[in-house]
Amino acid sequence: MSTKEFSVLNHVMVPEHHIMTQEEVDDLLSTYKITHDQLPKIYHDDPAVKAIGGAIHDIVRIVRNSQTAGRAESYRMVVKRPKK
Amino acid sequence: MDDSMVEQILSSGLPEKTKNDLMTFMEGKKITSEQFEKVMKQVFVEYGNTRVEPCEAVGVIAAQSIGEPGTQMTMRTFHYAGVAEINVTLGLPRLIEIMDARKTPSTPTMTIYLKEEFNTNRDRARDVSWQIEATRLSEFGDVTTDLVNMEILVNINKEVCQKRKISVEAIMEKAPEKIRSRHHYRDFVHEADADKAVIHFFPKNAESYQNLFQLHNHVRDVIVQGIDDIERVVVRKESGEYILYTEGSNLKDVFQVEGVDTSRTRTNNIAEISEVLGIEAGRNAIIDEALSTLREQGIQVDVRHIMLVADMMCMDGEVKQIGRHGIAGEKESVLSRAAFEVTVNHLLDAAVANEEDVLEGVTENVIVGQPIQLGTGDVKLIAKPIN
């Protein structure tokens, strides 16, 4: 058994995740005329969020390899995982 | 094609794939700027036609586009012998499984890719598979019950150990420990003899035959090598490299095994993927699994419908099922929920909680007899005064 760390971000099924700066977020929200909570969510303990070091209320830009468009951007807001 | 044209394509705002297609098509061709203008104009017209119109009811279209071919699936076989002698649920049962976001599929399987040093040599691939396949103690030697001395004897076969790349000592250490931790059976003591490769197990109650036989079952079935959830591993050569197919799935533990390529290895358990690799990987898994299930049945469904479904399921950061415990059950509107399933409960709960319905969705408006907010119904005309 190897104890070598593996990063989920290297997996083919995991698209790129980036934390967006405040300016980028403002830009995004104004282009789509939406508010923070209208974005899709991602949990704070999601392995990909942990790997990039995202905190609650950050907005993550996800660059997917889309089968239709080739490359598509998507956004998710980091939220706390609700207690069951 | 000159640089200014390339520039113009790159800054056109078209999707990446269209840009690439356009560039590979025009590469090395002689094109006048007039022709280029014409091509670009037509590309924009065609691209505009592929886009969804505003206020289009995409959800209903997706539901119908997946549902209609789904009716043809029921008439075909339910189960189908999958790759490499491993049975995998396919067809409609599998599609239902995906949409229901089950925690464990009925036939979990993994496709394990190996690192370069391991994937070209069958023996090395087999060595990795020993580390993964769950193997019981009974496969490593004879388990005998000695009724006279009230003990269980395990004669470990050294050849098998050598073949499976595990030391006798490791088995001796692991077997009693695992019986205690995994089987929760502690009423025994053991003695290991490394030179003779024999383990003695004695039940604590030396009088009871029942305890002895119970212990015998635990000793025989204790898994001493491999990952508990993975019952079978098949090594297959595919497009020049050896790949392991498994029955049973445990992504997290398999990633820890040496030689496993942690960037390509995958499972058909969507819940597991979203847990280990994150929600975005889960979304991709839903798309891949749904698409391959449909394709395998010879049904062509546009990816965009499946992408919409997958997006809906992964909206809130975890994989939610489509149905009353997931997406449909969490709708804002009371009337909409009541129209779906368990009508009375929803109406009663809403009445008790003094819920309001803002009548924004389709179902609610149909119920109360208003125009629905879709297509032309969502557009409001505002007249501009002439002066």
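**Helices, cores and strands**

Colleague: At what angle do the axes of helix α4 (residues 58–73) of chain B and helix α13 (residues 303–313) of chain B cross?

Modeller: This is a predicted model, in which local features need pLDDT of at least 70, side-chain atom pairs count only at pLDDT 80 or more, and totals for chains, interfaces and linings use all residues. Residues are numbered from 1 along each chain as its sequence is written, while chains are lettered from A and ligands numbered from 1 in the order in which they are written. Helices (H or I, at least four residues) and strands (E, at least two) are DSSP runs numbered from the N terminus; axes are lines fitted to C-alpha atoms, for helices over the stretch in contact, with angles from 0 to 180 degrees between N-to-C directions. The axes of α4(B) and α13(B) come within 9 Å, and they cross at roughly 115 degrees.

Colleague: Which residues in α13(B) meet α4(B)?

Modeller: Two residues are in contact if their C-beta atoms, placed from the backbone, lie within 7 Å. On the α4(B) side are B:Val58, B:Gly59, B:Ala62, B:Ser65 and B:Ile66. In α13(B) they meet B:His305, B:Leu308 and B:Val309.

Colleague: Which helix gives the largest share of the largest nonpolar core?

Modeller: A nonpolar core is a set of buried Ala, Val, Leu, Ile, Met, Phe, Trp, Tyr and Cys residues joined through C-beta atoms within 7 Å; buried means 20 or more other C-beta atoms within 10 Å of the residue's own, again placed from the backbone. The largest core has 50 residues, and B:Ile286 and B:Ala310 are among those touching the most other members. Its largest share, 7 residues, comes from chain B, helix α12 (residues 279–296).

Colleague: Which residues does B:Ala310 contact, leaving aside its neighbours within four places in sequence?

Modeller: B:Ala310 is one of the members of the largest core that touch the most others. With those neighbours set aside, its contacts are B:Arg283, B:Ile286 and B:Ile287.

Colleague: Which strands stand at the edges of the open sheet in chain A?

Modeller: Two strands pair if DSSP finds at least two bridges between them. The sheet has 4 strands in the order β1-β3-β4-β2, with mixed pairing. One side of each edge strand is left without a neighbour in the sheet, because each has a single partner strand; the edge strands are β1 (16–19) and β2 (41–43).

Colleague: What is the bridge partner of A:Tyr43 in β4(A)?

Modeller: β2(A) runs parallel to strand β4 (residues 72–79) of chain A, and 3 bridges join them. In β4(A), A:Tyr43 is partnered by A:Val79.

Terms used
A residue is buried if 20 or more other C-beta atoms lie within 10 Å of its own, exposed if 12 or fewer, and partly exposed in between; C-beta atoms are placed from the backbone.
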